[in-house]
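Please take a moment to look at the chain from one end to the other before reading on. The paragraphs below are meant to be read with the structure in view.

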Amino acid sequence: MFYFAAALPFAVLLAAAQFFLCKKAKNKITKFLPVLFGVIFFLMAEVIRAENLLADAVYGILGRGIFALVVILWIAGISAVMGALFGWIFWRFTAEKSK
């Protein structure tokens, strides 16, 4: 739950960016770039977690740094996906009303 609360402010910023990206972009894949970046952040976090077993094998400050990096990537992934989806949904509703 903490991850969603921490990701909410960034998601709002990314929702606004996604809305304007959808308004200006002509290519469909360009409209979903923030979602793809969110998936990449999640995959990076899982690869780092799998390689270091959530920093259990590494003790001290290095292990805490690895765990912090994984948490930051989780928050970035959540905010990228939530923001992109909220922005896309808002753009979809406004695009249908303007027709």
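What follows goes from the overall layout of the chain to its ring pairs, its core, some single residues and a patch on its surface.

The model shown here is a predicted one, and every value below was computed from it. The chain contains 4 helices and 0 strands, and reading from the N terminus the order of elements is therefore simply α-α-α-α. Of the 99 residues in the chain, 29% count as buried. The accessible surface amounts to about 6900 Å², and 76% of this area belongs to carbon and sulfur atoms.

How much of the contact between residues with a separation of 6 or more comes from residues 24 or more positions apart? The share is 75%, and several of the examples below show, residue by residue, what such contacts look like.

A good place to begin is with the aromatic rings, for a search of the whole structure finds 3 aromatic pairs. In one of them, the ring centres of Phe19 and Phe90 lie 5.1 Å apart and the planes meet at 55°, so this pair is tilted. Phe19 belongs to helix 1, which covers residues 2–24, whereas Phe90 belongs to helix 4, which covers residues 61–98, and the pair thus links parts of the chain that are 71 residues apart. Phe19 has a relative accessible area of 13% and is buried, because the limit for that word is under 20%.

Another pair is formed by Phe32 and Trp88, whose ring centres are 5.9 Å apart and whose planes stand at 40°, so that this pair, too, is tilted. Phe32 lies in the loop between helix 2 (28–31) and helix 3 (33–52), while Trp88 lies in helix 4, and so the pair ties together parts that are 56 residues apart in sequence. Are these two residues buried, partly exposed or exposed? Phe32 is partly exposed, with a relative accessible area of 33%, and Trp88 is likewise partly exposed, with a value of 27%. Ring pairs also join Phe19, Phe20 and Phe90 into a cluster.

Away from the rings, the next feature to find is the nonpolar core. In soluble globular proteins, nonpolar side chains tend to be buried together. The largest nonpolar core in this model has 10 residues, namely Ala7, Ala11, Ala45, Val70, Val71, Leu73, Trp74, Ile75, Ile78 and Met82. Helix 1 and helix 4 each supply at least two residues of this core, and helix 4 gives the most, with 7 residues. One of the core residues, Val70, is in contact with Ala45, Ile48 and Arg49, once its neighbours within four places in sequence are left aside.

Helix 4 also holds Ala80, which counts as buried at 5% relative accessibility. The C-alpha atoms of Ala80 and Val35 are 6.2 Å apart in space, although the two residues are 45 residues apart in sequence. Not counting residues up to four places away in sequence, Ala80 touches Leu14, Pro34 and Gly38.

A further set of contacts can be followed from Cys22, a residue of helix 1 that counts as buried at 2% relative accessibility. With its neighbours within four places in sequence set aside, Cys22 is in contact with Lys31, Trp88 and Trp91; Trp88 has already appeared above as the ring partner of Phe32. Cys22 and Trp91 are 69 residues apart along the chain, and yet their C-alpha atoms are separated by 6.9 Å.

Is Lys31, a residue with a charged side chain in many textbooks' lists, a case of burial or of exposure? Lys31, whose place is in helix 2, counts as buried at 13% relative accessibility. Leaving out residues up to four places away in sequence, Lys31 touches Gln18, Leu21, Cys22, Ala25 and Trp91.

The last stop is on the surface, where Ile29, Leu33, Leu36, Phe37, Ile40 and Met44 make a nonpolar patch of about 530 Å². Helix 3 gives the most to this patch, with 5 residues. Phe37, which is one of the patch residues and has its place in helix 3, is partly exposed, with a relative accessible area of 45%.

Methods. Residues are numbered from 1 along each chain as its sequence is written. This is a predicted model: local features need pLDDT of at least 70, side-chain atom pairs count only at pLDDT 80 or more; totals for chains, interfaces and linings use all residues. Side-chain values use heavy atoms; hydrogens and water are left out. Buried means under 20% relative accessible area, exposed over 50%, partly exposed in between (1.4 Å probe, protein chains only). Contact means heavy atoms within 4.5 Å. Accessible areas come from the Shrake-Rupley method with a 1.4 Å probe; for residues, only the protein chains shown count as cover. Rings of Phe, Tyr and Trp (its six-membered ring) pair if their centres lie within 6.5 Å; planes under 30 degrees apart count as stacked, over 60 as edge-to-face and the rest as tilted. Patches are made of residues with over 30% relative accessible area and no salt bridge: like charges are joined within 9 Å, nonpolar side chains (Val, Leu, Ile, Met, Phe, Trp, Tyr) within 5 Å. A salt bridge is a side-chain nitrogen of Lys or Arg within 4 Å of a carboxyl oxygen of Asp or Glu. A nonpolar core is a set of buried Ala, Val, Leu, Ile, Met, Phe, Trp, Tyr and Cys residues joined through side-chain atoms within 4.5 Å.
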